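Reader: I'd like a close look at a single part of this one, with its surroundings. Could you walk me through it?

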Amino acid sequence: MKYNRLLCAGIAVSLLCISSCPTPYTNAQNTSYASPAPTKGRAYYEERGDIVWEVPTHRKLIALTFDDGPDESNTPAILDLLQKYDAKATFFVVGSRVEKLPHLVKREREEGHEVGNHTFLHSSFQYISRNKALSELDQGQTSIVQATGAGTHLFRPPGGSYNDSLVKLSKEKGLKIILWSWHQDTLDWRKPGVYRIADKVLRNARNGDIVLMHDYVHQSTQTVEALKIILPELKKRGYSFVTVSELLSNREKPDGLIEVNK
Ligand SMILES: [Zn+2]
């Protein structure tokens, strides 16, 4: 029985790693710091509030998240669409790209969106030294501060890798690890087609979802085109699009009461 549970956890983790965002700027090192296979399963970290996949709520709220940007054409196009549909979102930015396009991250904040740390070089955290992990977090944070005047308390590790060491390090740095709803991984970085991206989100939409998309996918505008379908349809169904922090503030206990100061 115990073996079966471990096997299921292993399969789930493998699926998570396979289906998560790519690591185009890999800079792996030999010293394993945050290994790809977490030492404990999702429930362990979720119950403690160490890592967030989605947020239990009865309200019709969804958090759209965009990784790997900013991108000089896709990010402004996405911001325009979000504005058109009165939607707020969260951008998990890569510091080295922020340094090249700081005005776009500034615009994200100015228009009411949230910015999260997605490291500086998008290095894989699978085999990374503590020093390199620290530098990825710190440099990512510095780039956001330089672009917008303030840092962030949200962090999304590249590829969704996590373990005890990374959870501890994130806490030390005042960062909360945010992943995404497993049923809302659009795989848009694989360029599966506009309608497949849109269908994934629309078919699975539930209260409290955190949707994973990318505003930087090399030579692709599929995410932008899919948003033109997703935003009006979900709005028609009564959903509001909020930042991750706003979604977290609507976390409910099983009895429906909203938890304050969580
Ligand atoms: Zn990424």
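What residue follows α6, and what is the sign of its phi?

Author: Glycine 149 follows α6, and its phi is positive, near 95°. Bear in mind that this is a predicted model.

Now back up into the helix itself. α6 covers residues 130–148, which makes 19 residues. At 1.5 Å a residue it should span 27 Å, and its end C-alpha atoms are in fact 27 Å apart, so the expected and the actual span agree.

Next, which side of α6 is hidden? The buried residues are Ala133, Glu136, Leu137, Gly140, Gln141, Ser143, Ile144 and Ala147. Look down the helix axis and these buried residues fall within an arc of 155°, so they line one face of α6. As for what sits over them, the cover includes the strands β3 (89–93), β4 (114–117) and β5 (154–155). Helices α4 (95–100), α5 (102–110) and α7 (164–172) are also among the covering elements.

Take α5 from that list. It packs against α6 at an angle of about 75°, with the two axes 8 Å apart. Since 65 to 115 degrees counts as roughly perpendicular, α5 is roughly perpendicular to α6. On the α5 side the contact is made by Pro102, Val105, Lys106 and Arg109, and on the α6 side by Ile144, Gln146, Ala147 and Thr148. Ile144 and Ala147 belong to the buried set as well. By type, the residues of this contact divide into four nonpolar, two polar and two charged.

α7, another part of the cover, is home to lysine 171. That lysine is exposed, because it has 12 other C-beta atoms within 10 Å, and 12 or fewer counts as exposed. Lysine 171 also sits 8.4 Å from aspartate 50, C-alpha to C-alpha, though 121 residues separate the two in sequence.

For another helix pair, try α3 (residues 74–84) and α9 (residues 222–236), which pack at an angle of about 10° with their axes 10 Å apart. That makes α3 roughly parallel to α9. Asn74, Ala77, Ile78 and Leu81 of α3 meet Thr223, Val224, Leu227, Lys228 and Leu231 of α9. Here the split is six nonpolar, two polar and one charged.

Finally, the setting. The chain has ten helices and eight strands, and 45% of its 262 residues count as buried. Among contacts between residues at least 6 apart in sequence, 81% join residues at least 24 apart.

Methods: Residues are numbered from 1 along each chain as its sequence is written. This is a predicted model: local features need pLDDT of at least 70, side-chain atom pairs count only at pLDDT 80 or more; totals for chains, interfaces and linings use all residues. Axes are lines fitted to C-alpha atoms, for helices over the stretch in contact, and angles run from 0 to 180 degrees between N-to-C directions. Helices (H or I, at least four residues) and strands (E, at least two) are DSSP runs, numbered from the N terminus. Angles under 35 degrees count as roughly parallel, over 145 as roughly antiparallel, 65 to 115 as roughly perpendicular and the rest as oblique. Two residues are in contact if their C-beta atoms, placed from the backbone, lie within 7 Å. Ala, Val, Leu, Ile, Met, Phe, Trp, Tyr, Cys and Pro count as nonpolar, Asp, Glu, Lys and Arg as charged, and the others, Gly among them, as polar. The expected span of a helix is 1.5 Å times one less than its number of residues. A residue is buried if 20 or more other C-beta atoms lie within 10 Å of its own, exposed if 12 or fewer, and partly exposed in between; C-beta atoms are placed from the backbone. The arc is that of the directions from the helix axis to the C-beta atoms.
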